[in-house]
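Reader: Hello! I am new to this structure and would like a close look at a single part of it. Could you walk me through one place at an easy pace?

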Amino acid sequence: MYSFYGTWPWYVSGFLIGAVMLALIYFGKSFGMSSNLRTMCTALGAGKTADFFKFDWKTQRWNLTVVLGAMLGGFIATHYLSDGSGVNLNPQTVVELRQMNIDEPNGKLLPDALVGPEALQSPKVLLILLLGGVLVGFGTRYAGGCTSGHAISGLSNLQLPSFIAVIGFFIGGLIMSWLLLPLILN
């Protein structure tokens with residue numbers, strides 16, 4: 001079996017994702033991270049201030065295990081199932097990052113140019129992060145779900161709106177990474 005201490009091949013992780021989706025479909029459940037966050041906000045009382053959060057969150061209580069599992073799984077993977085090499089980028093990606101004045105992450109998930117101590121003191125970087133967060137939140141609400149909900153759960157259920165949303169996600173990602181990001185960072 002492939003080592004737990006490296007990146008799993010697509011056919012192992014893809015099979016596991018597919019098996020989870022089949023189980024969710026069998027039990028009549030749907031998956032999506034943004035719906036979990038909505039459930040969490042509702043459980044914490046957000047329904048008192050916004051109608052969007054007024055629903056019976058207890059019917060979705062099982063879904064909160066996804067958020068807990070993502071956090072716990074990330075912690076376990078990072079601290080106990082890692083070979084210590086971190087994230088290994090394609091050399092061509094490193095060259096393209098350097099062209100945009102972004103340092104190589106050197107195994108970290110994010111480069112210091114965007115989240116390092118100096119970067120977080122820059123009004124430009126803070127504005128980029130704030131605007132990006134607002135746009136992601138707006139897009140998630142406008143699309144009726146996030147990338148995981150549409151791309152994994154929605155496509156598994158053969159939902160046309162999810163198919164359209166996933167196409168939009170890819171087009172938006174390509175426009176951002178190839179056209180807008182180089183303009184913003186230079």
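Reader: Let us take glycine 149: does this residue count as buried or exposed, and what is its relative accessibility?

Author: Happy to help, and one thing should be said at the start: this is a predicted model. Glycine 149 has a relative accessibility of 15%, and because the cut-off for a buried residue is under 20%, glycine 149 counts as buried.

Let us first place this residue in the chain. The chain has 8 helices and 0 strands, so to read it from the N terminus is to read α-α-α-α-α-α-α-α, by the DSSP runs that define the elements. Of the 186 residues in the chain, 19% are buried, and glycine 149 is one of the buried ones. The C-alpha atoms of the chain fill a box of roughly 50 × 50 × 30 Å along the principal axes. The accessible surface of the chain comes to about 13400 Å², and carbon and sulfur atoms hold 70% of that area.

Now to the helix itself. Glycine 149 sits in helix α7, which covers residues 147-156. Leaving out residues up to four places away in sequence, glycine 149 touches Phe31, Gly32 and Gly154. There is also a distance to look up on the model: the C-alpha atoms of glycine 149 and valine 166 are 9.9 Å apart, with their positions 17 residues apart along the chain. Contacts that span a long stretch of sequence are worth knowing about here. Among the contacts in the chain with a separation of 6 or more, 48% join residues 24 or more positions apart.

Further along α7 we meet serine 153. Serine 153 has a relative accessibility of 2% and counts as buried. Beyond its neighbours within four places in sequence, serine 153 is in contact with Met21, Ser30, Phe31 and Ser148. Phe31 is thus a contact of serine 153, and Phe31 is also touched by glycine 149.

Next, let us see which helices pack against α7, beginning with α1. Two packed helices are described by the angle between their axes and the distance between the axes. Helix α1, residues 10-26, packs with α7 at an angle of about 60 degrees, and their axes are 10 Å apart. That angle makes α1 oblique to α7, and the crossing of the two is right-handed. On the α1 side the contact has Ile17, Met21 and Ile25, which meet Ile152, Ser153 and Ser156 of α7. By class, these residues divide into 4 nonpolar, 2 polar and no charged. Notice that Met21 and Ser153 both belong to this meeting of helices, and that Met21 is listed among the contacts of serine 153 as well.

The other partner to look at is α8, residues 160-185. Here the axes of α7 and α8 are 9 Å apart and the angle is about 135 degrees. That makes α7 oblique to α8, and this crossing is left-handed. From α7 come Thr147, His150, Ala151, Gly154 and Leu155, and from α8 come Pro161, Ser162, Phe163, Ala165, Val166 and Phe169. The contact of α7 with α8 is made up of 7 nonpolar, 4 polar and no charged residues. Val166, the residue whose C-alpha atom is 9.9 Å from that of glycine 149, is part of this contact.

Between these two helices there is a loop, and leucine 158 is found in it. Leucine 158 is exposed, with a relative accessible area of 77%. Although leucine 158 is not a glycine, its phi is positive, at about 55 degrees.

On the other side of α7, the loop that follows α6 (123-143) holds glycine 145. With a relative accessible area of 11%, glycine 145 is buried. The residues that glycine 145 touches, again not counting those up to four places away in sequence, are Ser34, Gly139, Thr140, His150 and Phe169. The C-alpha atoms of glycine 145 and glycine 32 are separated by 7.0 Å, although the two are 113 residues apart along the chain. Gly32 is a residue that glycine 149 touches too.

To bring it back to your starting point: glycine 149 lies in α7 and is buried at 15% relative accessibility. Its helix packs with α1 and with α8.

Conventions
Residues numbered from 1 in each chain as written. Predicted model: local features only at pLDDT ≥ 70, side-chain atom pairs only at ≥ 80, totals over all residues. Heavy atoms only, no water. Helix = DSSP H or I, 4+ residues; strand = E, 2+ residues; numbered from the N terminus. Buried < 20%, exposed > 50% of the residue type's maximum accessible area, 1.4 Å probe, protein only. Contact = heavy atoms within 4.5 Å. Areas by Shrake-Rupley, 256 points an atom, 1.4 Å probe, with all protein chains shown as cover. Axes fitted to C-alpha atoms, helices over the stretch in contact; angles between N-to-C directions. Parallel < 35°, antiparallel > 145°, perpendicular 65-115°, else oblique. Left-handed = near helix turned anticlockwise from the far one by under 90°. Nonpolar A, V, L, I, M, F, W, Y, C, P; charged D, E, K, R; others polar.
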